Amino acid sequence: MLNIERALKQDRLLRALTGLNRKAFESLLKSFHQIYQQTLLEKPRQRSFGGGRKARLRTSKDKLFYILFYFKCYPTFDLASILFDIDRSQAHHWTHRLQPILETALGEKKALPERQINSVQAFIERFPGVERVVMDGTERPVKRPTDSETQKLNYSGKKKRHTRKHLAAVNQSKQVLVLSQAREGKLHDKKFHDEEKLIGNIPAEIPIEVDSGFQGIQHQYENIRIPHKKPKGGELTQQQKTENRTLSQSRVICENAFAGVKRYGAVNQIYRNHKHDFDDKLMLTATGLWNLYLMAA
């Protein structure tokens with residue numbers, strides 16, 4: 001079994017195995033422990049305390065380490081069973097049992113992104129101090145579906161592979177503010193936004209930076225910053241080229257945020273799980289972990 005205590009004593013090793021430093025791990029552990037204990041009270045025990053075989057993941061610290069390790073390294077359940085000295089079925093059980101608890105704990109820490117902003121006032125109260133917002137889409141690879149129609153929906157012409165897609169809004173500190181539900185990889189960014197209305201309730205005084213994939217959105221909102229489009233048969237002026245370059249340099253924080261989220265193998269590697277929409281839960285939780293990492297930095 002992995003030596004969890006050794007990992008907890010070395011900050012570099014802890015980050016490599018869980019994606020969090022010791023400070024972030026300890027702050028998350030308190031909420032995680034309380035929520036886990038609440039789940040035990042919801043279901044009556046079938047055995048008295050001390051009955052049954054001795055657990056390998058005995059403490060809340062062990063359980064938190066396990067689920068964070070799963071997110072960071074995304075092992076198969078066979079590999080996880082060997083590393084943590086449990087059965088393959090138990091590795092599957094603990095992953096799906098602990099993920100909702102981790103998600104709830106991140107929600108209590110105010111680290112989870114919102115799925116929808118319902119009003120301007122709600123945005124101001126939830127995210128005070130936001131100076132600008134950058135919106136973009138990100139994709140994660142999935143296995144090639146067996147159904148031909150699903151293949152067409154999930155095939156991304158941009159990535160040249162089958163993917164699932166999210167839209168996200170990021171602030172100037174690389175924190176992910178809003179994350180859409182997972183959709184098929186074929187969906188275009190502009191159409192995706194029109195269906196989700198991700199930035200509809202962001203205050204007008206906060207600029208929203210997007211790329212050319214959202215061409216046309218500038219006619220819907222006043223606070224959009226989008227690259228100049230080369231006119232048909234013409235050329236951009238030198239000033240327009242400079243402005244496009246400046247906007248691209250400003251928007252790079254969104255790519256940096258996506259890179260931070262995708263340090264977690266569970267949202268970076270090809271999706272292997274079979275549970276419906278579990279990929280969306282993985283992305284939401286991984287985004288919360290990234291936000292927590294920034295908060296604790």
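How many of the 19 residues of H11 are buried? I shall begin there, and I should say at once that what we have before us is a predicted model.

The count for H11 is 15 of 19, and the helix is thus mostly covered. H11 comprises residues 278-296. With 19 residues at 1.5 Å a residue, this helix should span 27 Å, and the distance between its end C-alpha atoms is 27 Å, which agrees.

Let me turn to the strands, and to S3 in particular. Strand S3 runs over residues 161-171. Of its 11 residues, 10 are buried, so the strand is largely enclosed by the rest of the structure. I shall take its pairings one by one.

The pairing with S1, residues 133-141, is antiparallel and extends over 9 bridges. Within it, Gly 137 has Leu 167 of S3 as its bridge partner.

Next is S2, which consists of residues 155-156. S2 and S3 run antiparallel and are joined by 2 bridges. Here Ser 156 is found opposite Arg 161 of S3. S2 and S3 form a hairpin with 4 residues between the strands, and in this hairpin Lys 160 adopts a positive phi near 60 degrees.

On to S4, residues 176-179, where the pairing with S3 is antiparallel over 3 bridges. One of the partnerships to look at is that of Val 170 with Val 176 in S4. S3 and S4 also make a hairpin, with 4 residues between them. In its turn, Lys 174 shows a positive phi of about 75 degrees.

S3 pairs as well with S5, residues 183-184, in the antiparallel sense and over 2 bridges. In that pairing, Arg 164 stands across from Glu 184 of S5.

I close with the cysteines. How many disulfides does a search of the whole structure find? The result is 0. Two cysteines may be described by their surroundings. Cys 254 has a relative accessibility of 0% and therefore counts as buried, the cut-off being under 20%. Cys 73, by contrast, has a relative accessible area of 29% and is partly exposed, because that class lies between the 20% limit for buried and the 50% limit for exposed.

To restate the main points on this predicted model: helix H11 is mostly covered, strand S3 is largely enclosed by the rest of the structure, and the search for disulfides gives 0.

Conventions
Residues are numbered from 1 along each chain as its sequence is written. This is a predicted model: local features need pLDDT of at least 70, side-chain atom pairs count only at pLDDT 80 or more; totals for chains, interfaces and linings use all residues. Side-chain values use heavy atoms; hydrogens and water are left out. A disulfide is a pair of cysteine sulfur atoms within 2.5 Å. Buried means under 20% relative accessible area, exposed over 50%, partly exposed in between (1.4 Å probe, protein chains only). The expected span of a helix is 1.5 Å times one less than its number of residues. Two strands pair if DSSP finds at least two bridges between them.
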